[in-house]
Amino acid sequence: MHHQDEPPTLETPTDEGVDSLPASVTLDKLPDLVLVSSDRVIFYAHTSRLIEESDNAFNGTLRYNQTTTTNGTSLPVPENADVLSVVLHAIYSKSYYQDKPSLETLLSAVRSLKSYGVPLARVVGPSTYLYGQILAQTPENALEVFIVAAQIDHRELASASSAYLHSLQITTISDETAIQMGGVYLKRFILLQMDRERSLERLLSKPPPPHDECQELQKDVLSEEWTLMASKLTAGFCADLPEGKLRSAMGSIEKVLWCDFCKEALHARIEEITVHWTTMTKVSVQERLKLKICRD
Ligand SMILES: [Zn+2]
C-alpha cells in the first residue's frame, strides 16, 4: 500500500466502530495494542510508546515487561472515543484534530493524561497544540478551565484562565465550585482578587502633581476631589473594573479645575493609570499569579 520511501501509516479495518490512531503514525514498529473506548471504538497503539510516555505504566494497565504479539492485546479504557482520540494525539505528538473537539472533551483528555501518568508539561505545556486548543476556548469558559487546572495542578493554565475571571466575585462562588477548586487554588484565586484591589488603590494613591503657580484653593480642590473619587472607586471595587468606568470617574474631576496646566496634568495622570490598569488585566495579573504561586 505504501511507497517504499514513505513512513508506514496505520491501516485500519473499515468496519463500523473502528477508528484509526492519529493519522500516519511514523513509528517503525507496527501497533501491537488495541485500545477499546467506552463507546466501543477501537484504536491501535504501541505498547512500548505508551509505556515510554507514562510514568505509571499507563495507570497500571500495562506491565513494563509485558510481551505482546502483533495480534495483540486488547485493553478496554474508560474514555469515550473523542476523549481517547485527544489522549492519543497528545501522546503521539500529533497536532491536528479531524473534528474539532469540544472543550469538555479536551479537558477530560487532560485529566486522563494525568491519570495515565503522562507528564503534563510535555503534552499540555504552554507551547503544545493541546494547550493552544484549550486556551482558544478559555475566554468564554474560564471558570471551567480554572477548575480543571486546579484539579491537575497546572499552573500555567490556571494563570491563563484566571485572567478572564476578574468579574467573578468571591462571594458568588458556590460551595460546589469551591470544593472543585480545592483549598489551595481557591486561596490563590482570592489572593489574586485582593491583589487587584490593592493594585487599584496603589494606582489611585497619587493624584496629579500639584501646580506650584496655581492658587492654594485649586490645589486643595484637586486633591480633595481626587481622594473622594478614589475612595468611591475602591469601595465598590470590582476586579474587572472596565477601562471606561475608570476613565470617566477620573475625568469627572476636570469640572472643578479652571487652570489649563492642572487640566493637562490630570489628563496625563488619567492616561497613565488607565494604561497600567488595562495592561495588568491581561498580562501582569497572570504573571503576578505565577509569582504568588511560586512564593507559596
Ligand atoms: Zn494649575
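Me: Two strands pair if DSSP finds at least two bridges between them. With that in mind, how many residues lie between S1 and S2 in the hairpin of this predicted model?
Reply: S1 and S2 are joined by 4 bridges and pair in the antiparallel sense. One of the partnerships links Val34 to Tyr44 in S2. In the turn of the hairpin, Arg40 has a positive phi of about 60°. The number of residues between S1 and S2 is 5.

Me: What is the order of the strands in the open sheet?
Reply: Strand S1 (residues 33-36) runs parallel to S3 and is joined to it by 4 bridges, Leu33 having Thr73 as its bridge partner in S3. S1 and S2, by contrast, pair in the antiparallel sense, and the pairing in the sheet is mixed. Strand S2 (42-45) and strand S3 (73-76) each pair on one side only, as edge strands. The order is therefore S2-S1-S3.

Me: Which residues of S2 are buried on the side opposite Ile42 and Tyr44?
Reply: A residue counts as buried if 20 or more other C-beta atoms lie within 10 Å of its own. Ile42 and Tyr44 meet this condition on one side of S2, and both faces of the strand are covered. On the other side, the buried residues are Phe43 and Ala45.

Me: Which element gives the largest share of the largest nonpolar core?
Reply: This core has 42 residues, and Val87, Ala90, Ile91, Ala109 and Leu113 touch the most other members. Among the elements that give two or more residues to it are S1, S2, helix H3 (81-91) and helix H4 (103-115). The largest share is 7 residues, and it comes from H3.

Me: Which residues does Val87 contact, leaving aside its neighbours within four places in sequence?
Reply: Val87 is one of the residues that touch the most other members of the largest nonpolar core. Ala109 and Leu113 are also in that group. Beyond its sequence neighbours, Val87 is in contact with Glu79, Ala109, Ser112 and Leu113.

Me: Are H9 and H10 roughly parallel or roughly antiparallel?
Reply: The axes of H9 and helix H10 (residues 216-235) come within 10 Å and cross at roughly 175°. Angles over 145 degrees count as roughly antiparallel. The two helices are therefore roughly antiparallel.

Me: How many charged residues does the contact of H9 with H10 have?
Reply: Glu197, Leu200, Glu201 and Leu204 in H9 meet Ala230, Leu233 and Thr234 in H10. By class, 4 residues of the contact are nonpolar and 1 is polar. The number of charged residues is 2.

How values were computed: Residues numbered from 1 in each chain as written. Predicted model: local features only at pLDDT ≥ 70, side-chain atom pairs only at ≥ 80, totals over all residues. Core = buried A, V, L, I, M, F, W, Y, C linked by C-beta atoms within 7 Å. Buried ≥ 20, exposed ≤ 12 C-beta atoms within 10 Å, placed from the backbone. Contact = placed C-beta atoms within 7 Å. Axes fitted to C-alpha atoms, helices over the stretch in contact; angles between N-to-C directions. Parallel < 35°, antiparallel > 145°, perpendicular 65-115°, else oblique. Nonpolar A, V, L, I, M, F, W, Y, C, P; charged D, E, K, R; others polar.
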